[in-house]
Amino acid sequence: MKYIIATHNAHKLAEISRILAPLGIEAVTDRDLGIALPEVDETGTTFAENAYLKAASACEFSGLPAIADDSGLAVDALGGEPGVYSARYGGEGLDDNDRNNLLLKNMADIPVGQRQAQFVSAVCCVFPNGDTLRTEGIVRGEIGFAAKGENGFGYDPLFYVGDRTTAEMSAQEKDAISHRGQALAAFAVKLEEYLNK
């Protein structure tokens, strides 16, 4: 059973594929299908709204059930920034390392004990018949003072859960606690119920 994943992020695709494989779902991208999904303006004010916009567009364009994730980092002391702008924090042309450095700069005056943050992931699946499944996952942690760890991507090297960053965890350890892991685990349950009803 093929589901199109509305992402060009190889890390996200690998994570989604790992978690959905036990359901017999083959996660494919537009490139796998020889098509090019149109770019979607992420005009939503929440992760859930943006996930829906991406999934609905991919489903309509491909004719396949489509899964999209919108996720990011919300830092308490920054009023929830970067939030829905996590992937575009600081503007176009920045890479993960640049965005991490910008975040550290913007948090330079925030002391230990006040650096709480959360990763949020909203997952949405839109089916060709219009049915929609949605889940969300949240993991709380703290922002460190320097990047640490070689695994993961995005803000993982700065995000501590306990005494390690999520970039210091194996893929399996991260899946077990991560925002996307939680959202996809909940999604897998909902999807199994939906497919068996």
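Here is a short chat about the fold and a few individual residues of this predicted model.

Reader: Let's start with the sheet. In what order do the 7 strands run?

Author: The sheet is open, and its pairing is mixed. Its edge strands are β2 and β7, each pairing on one side only. Reading across, the order is β2-β1-β3-β4-β5-β6-β7.

Reader: Do β1 and β2 run parallel or antiparallel, and which residue stands opposite tyrosine 3?

Author: Strand β1 covers residues 2–5 and β2 covers residues 26–28; 3 bridges join them, and they run parallel. Across that pairing, the residue in β2 opposite tyrosine 3 is alanine 27.

Reader: Which helix makes a β-α-β unit with β1 and β2, and what is the hand?

Author: The helix is α1, residues 10–20. Together with β1 and β2 it makes a β-α-β unit, and the hand of that unit is right-handed.

Reader: β1 also pairs with β3, so what stands opposite isoleucine 4 there?

Author: β1 and β3 pair over 2 bridges, in the parallel sense. Opposite isoleucine 4, the residue in β3 is alanine 66.

Reader: How many bridges join β4 to β5?

Author: These two strands run antiparallel. One opposite pair is alanine 117 with glycine 141 in β5. The number of bridges joining β4 to β5 is 11.

Reader: Which residue takes a positive phi in the hairpin of β4 and β5?

Author: Most residues other than glycine have a negative phi. The hairpin has 5 residues between its strands, and one residue there has a phi near 95°. That residue is glycine 130.

Reader: What are the bridge partners of glutamate 142 and isoleucine 143 in β6?

Author: β5 and β6 (residues 159–161) run antiparallel, joined by 2 bridges. Glutamate 142 has tyrosine 160 as its partner. For isoleucine 143, the partner is phenylalanine 159.

Reader: On to helices. Why do the buried residues of α4 end up on the same side?

Author: The buried ones in α4 (residues 96–106) are Arg99, Asn100, Leu103 and Leu104. They sit on the same side of α4 because the arc they cover around the axis is only 140°. In general, an α-helix has 3.6 residues a turn, so residues three or four places apart point the same way. What covers the buried residues of α4 includes β3 and β5.

Reader: Which residue caps the N-terminal end of α4?

Author: Look for a side-chain oxygen 3.1 Å from the backbone nitrogen of asparagine 97. That oxygen belongs to the capping residue, aspartate 95.

Reader: Is leucine 104 buried or exposed, and what is its relative accessible area?

Author: Leucine 104 lies in helix α4. Beyond its neighbours within four places in sequence, it contacts Arg115, Gly144, Phe145, Ala146 and Leu158. Its C-alpha atom is 7.4 Å from that of alanine 146, 42 residues apart along the chain. Leucine 104 is buried, with a relative accessible area of 18%.

Reader: How far apart are the end C-alpha atoms of helix α6, and what should the helix span?

Author: Helix α6 has 18 residues (179–196). At 1.5 Å a residue, the helix should span 26 Å, which agrees with an end-to-end C-alpha separation of 26 Å.

Reader: Which residues of α6 are exposed on the other side from the buried ones?

Author: Among the buried residues of α6 are Leu184, Phe187 and Leu191. The buried set covers an arc of only 165° around the axis, so they lie on the same side of α6. They pack against β1, α1, β3, β4, β5 and α5. On the other side, the exposed residues are Glu193 and Asn196.

Reader: Which side chain makes a polar contact with the side chain of threonine 166?

Author: Threonine 166 is in the loop between β7 and α5, and at 2% relative accessibility it counts as buried. Leaving aside neighbours within four places in sequence, its contacts include Phe119, Phe159 and Lys174. The polar contact, at 2.9 Å, is with aspartate 156.

Reader: Where is the cis peptide bond that has an omega of about -5°?

Author: Most peptide bonds are trans. One of the residues at this cis bond, proline 82, is found in the loop between β3 and α4. The bond joins glutamate 81 and proline 82.

Reader: Last one: is glutamate 150 buried or exposed?

Author: Glutamate 150 lies in the loop between β5 and β6. Its C-alpha atom is 9.9 Å from that of serine 170. The cut-off for exposed is over 50%; at 76% relative accessibility, glutamate 150 counts as exposed.

Methods
Residues numbered from 1 in each chain as written. Predicted model: local features only at pLDDT ≥ 70, side-chain atom pairs only at ≥ 80, totals over all residues. Heavy atoms only, no water. Buried < 20%, exposed > 50% of the residue type's maximum accessible area, 1.4 Å probe, protein only. Helix = DSSP H or I, 4+ residues; strand = E, 2+ residues; numbered from the N terminus. Arc of directions from axis to C-beta. Contact = heavy atoms within 4.5 Å. Polar contact = N/O pair within 3.5 Å; in protein donor to acceptor, adjacent residues only side chain to side chain. Pairing = 2+ DSSP bridges. Right-handed = clockwise from strand over helix to strand, strands pointing away. Expected span 1.5 Å × (residues − 1).
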